[in-house]
Amino acid sequence: MTTLLKSATIIDTTSAFHKQTKDILIIDGIISEIADNIPTNSDYNEINLTNLHISKGWFDSSVCLGEPGYEERETIENGVHVAGKSGFTQIAVNPYTSPIVDNKSAVEFLINKANQSPVSVLPIGALTQKSEGIEMAELYDMQQSGAIAFGDYKRPIENDNLLKIALLYAQNFDGLVLSFPKNKKIAGEGIANEGLNSTKLGLKGIPSLAEEIQVARDLFLLEYTGGKLHIPTISTAKSVSLIKQAKSQGLNVTCSVAVHNLVITDDALLGFDAKNNVNPPLRTNKDVEALLEGVKNGTIDIITSDHNPIDIEHKKVEFSISKSGSIGMESAFGALLTKLDLETVIQCFTENPKKIFGIENTSIEVNSKANISLFNPEITYTFTEEDILSTSKNSIFIGHNLKGKAYGVYANNQLLLNT
């Protein structure tokens, strides 16, 4: 297949063509030519889109797909379709399935199910068997089958010694360990940020301390064991401060933040809408400002959509009994550009996460493999249910004004457009 991208502005700080507007000719999945004007040909699939920008393919480090077990929420087939049309060429898929992805066969199932897609599915294996936090899972076997990291999705490792052993063991094969930052005893049955709004609404609160004490524990363990630790979806100002200090001390720790925790505060809870029930919860404006600053100064390495489809039976109910989680791939780019500059967003979607998770990251250069996201960073619109591509419709961003939208992707010698 031969594809010609016309008048595409390249956003790639590692490319000699950074910020230049060029034509790009791709033949059989390889960038063949980059020039000011490449003559068209009847055999070419010419792509000419308004204000077309391209970058290295985006990677989302936290995506849930229902299959196996929760196909009514999202199948793998539709999930990768959503990812591609949202601009992501690679997604890390959480072990939030039934059965849990805690062995090599389950890892291979996920990879094989999507091997014909333009979007690569990269499984995160469960750190513990059935994600129960009792016995460590088959980490090495899963890595050999294609797992890129190990963690129990939204389930903290309560056993200190178990996390210590996992950090030590994973060093034998350079494995990346994920530890969700939540102390369950302090969080209790809380469902919203503990503060003025939760008190007004009569909602059980989750104090910031529940996250911060877990982050501090994890960092102490990492200091003792060595290894690589990734703390997913932090949400408080103190967590940013703790991780910044740990990095300054030379600890090999990285972290991510969910898009919604960068954009929305717990003031959104005042409507009692269950779409705003997420884990970790929406925090205060002070926390949001600290998280944004953490992204800008490099303390926070990755931004993720934390895409989590939830079926209508568990979401369109009273806030207090709803399941936490929001889909987010479709809205991620547009939401972030309301808060951050384009290059920072691209950095947190490409360079940083791919380096941390050990994923190939080719530049936009002649003779390079084409792994490209296509987008328009200037378009403004109100996000509605019509913009949702996922099977589940539980988006926290419905009704929000966004800036920027993905056109699609070119990857694995395939073009997938959201037009």
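A strand, in the sense used here, is a DSSP run of type E with at least two residues, and strands are numbered from the N terminus. Strand E17, which spans residues 401-411, contains Tyr410, and this residue is a suitable place to begin a tour of the model, which is a predicted one.

Is Tyr410 buried or exposed? Residues count as buried when their relative accessible area is under 20%. Tyr410 has a relative accessibility of 1%, and it therefore counts as buried. Its surroundings come from several parts of the chain. Setting aside neighbours within four places in sequence, Tyr410 is in contact with Met1, Thr3, Ile26, Gly29, Ala370, Asn371, Ile372, Leu374 and Leu415. One of these partners, Thr3, is 407 residues away along the chain, yet the C-alpha atoms of Tyr410 and Thr3 are separated by 9.4 Å. Another partner, Gly29, offers its backbone nitrogen, which the side chain of Tyr410 reaches at 3.4 Å.

A second buried position is Ser305. This residue belongs to the loop that runs between strand E15 (302-304) and helix H11 (312-315). With a relative accessible area of 2%, Ser305 is buried. Which polar contact does the side chain of Ser305 make with another side chain? The partner is the side chain of Asp60, at 2.4 Å. In addition, a polar atom of the Ser305 side chain lies 3.2 Å from the backbone nitrogen of His307. Apart from neighbours within four places in sequence, the residues in contact with Ser305 are Asp60, Ser62, Val259, His260, Gly328, Met329 and Ala332.

Gly294 provides a third example, this time within a helix: its place is in H10, residues 285-297. Gly294 is buried as well, its relative accessible area being 1%. Beyond its neighbours within four places in sequence, Gly294 is in contact with Val240, Thr299 and Ile300. The C-alpha atoms of Gly294 and Leu168, which are 126 residues apart along the chain, are separated by 28 Å.

Whole helices may be described in a similar way. Helix H2 covers residues 104-113, and its buried residues are Ala106, Val107 and Leu110. Why can these residues be said to line one face of the helix? Viewed down the axis of H2, the buried residues fall within an arc of 105 degrees, so they occupy one face. The elements against which they pack are helix H1 (76-85), strand E7 (88-93), strand E8 (120-125) and helix H3 (139-145). The N-terminal end of H2 is capped by Asn103, which has a side-chain oxygen 3.1 Å from the backbone nitrogen of Ser105.

Helix H13 is mostly covered, for six of its eight residues are buried. These are Leu342, Thr344, Val345, Ile346, Cys348 and Phe349. At the start of this helix, a side-chain oxygen of Asp341 comes to within 3.2 Å of the backbone nitrogen of Glu343.

H13 also leads to the empty spaces of the structure. Rolling a probe the size of a water molecule over the atoms reveals where such space remains. How many cavities of 30 Å³ or more does a search of the whole structure find? The search finds four. The largest cavity holds about 160 Å³ of space. It is lined by 18 residues, and those closest to its centre are Ser62, Asn94, Tyr153, Leu178 and Pro232. Ser62 has already appeared among the contacts of Ser305. By class, the lining of the largest cavity comprises six nonpolar, eight polar and four charged residues.

The second largest cavity has a volume of about 70 Å³. Its lining consists of Ile11, Asp12, Thr13, Lys56, Glu343, Ile346, Gln347, Thr350 and Glu351. Helix H13 gives the most to this lining, with three residues. Two of the lining residues are nonpolar, three are polar and four are charged.

Pockets, finally, are open spaces. The largest pocket has a volume of about 700 Å³. Among the 29 residues that line it, Lys154, Arg155, Lys182, Asn279 and Ser324 are the closest to its centre. This lining has seven nonpolar, twelve polar and ten charged residues. The second largest pocket contains about 300 Å³ of space. It is lined by 16 residues, of which Ile312, Lys315, Lys316, Lys393 and Asn394 are the closest to its centre. Its lining divides into four nonpolar, four polar and eight charged residues.

Conventions: Residues are numbered from 1 along each chain as its sequence is written. This is a predicted model: local features need pLDDT of at least 70, side-chain atom pairs count only at pLDDT 80 or more; totals for chains, interfaces and linings use all residues. Side-chain values use heavy atoms; hydrogens and water are left out. On a 1 Å grid over the protein atoms alone, a cavity is a set of points where a 1.4 Å probe fits but cannot get out, and a pocket is an open set with protein on both sides within 12 Å along at least five of seven lines; lining residues have an atom within 4 Å of a point. Grid points are joined across faces, edges and corners, and a volume is the space filled by probe spheres set on the points. Ala, Val, Leu, Ile, Met, Phe, Trp, Tyr, Cys and Pro count as nonpolar, Asp, Glu, Lys and Arg as charged, and the others, Gly among them, as polar. Buried means under 20% relative accessible area, exposed over 50%, partly exposed in between (1.4 Å probe, protein chains only). Helices (H or I, at least four residues) and strands (E, at least two) are DSSP runs, numbered from the N terminus. The arc is that of the directions from the helix axis to the C-beta atoms. Contact means heavy atoms within 4.5 Å. A polar contact is a pair of N or O atoms within 3.5 Å; within protein, one must be able to donate a hydrogen and the other to accept it, and residues adjacent in sequence count only if both atoms are side-chain atoms.
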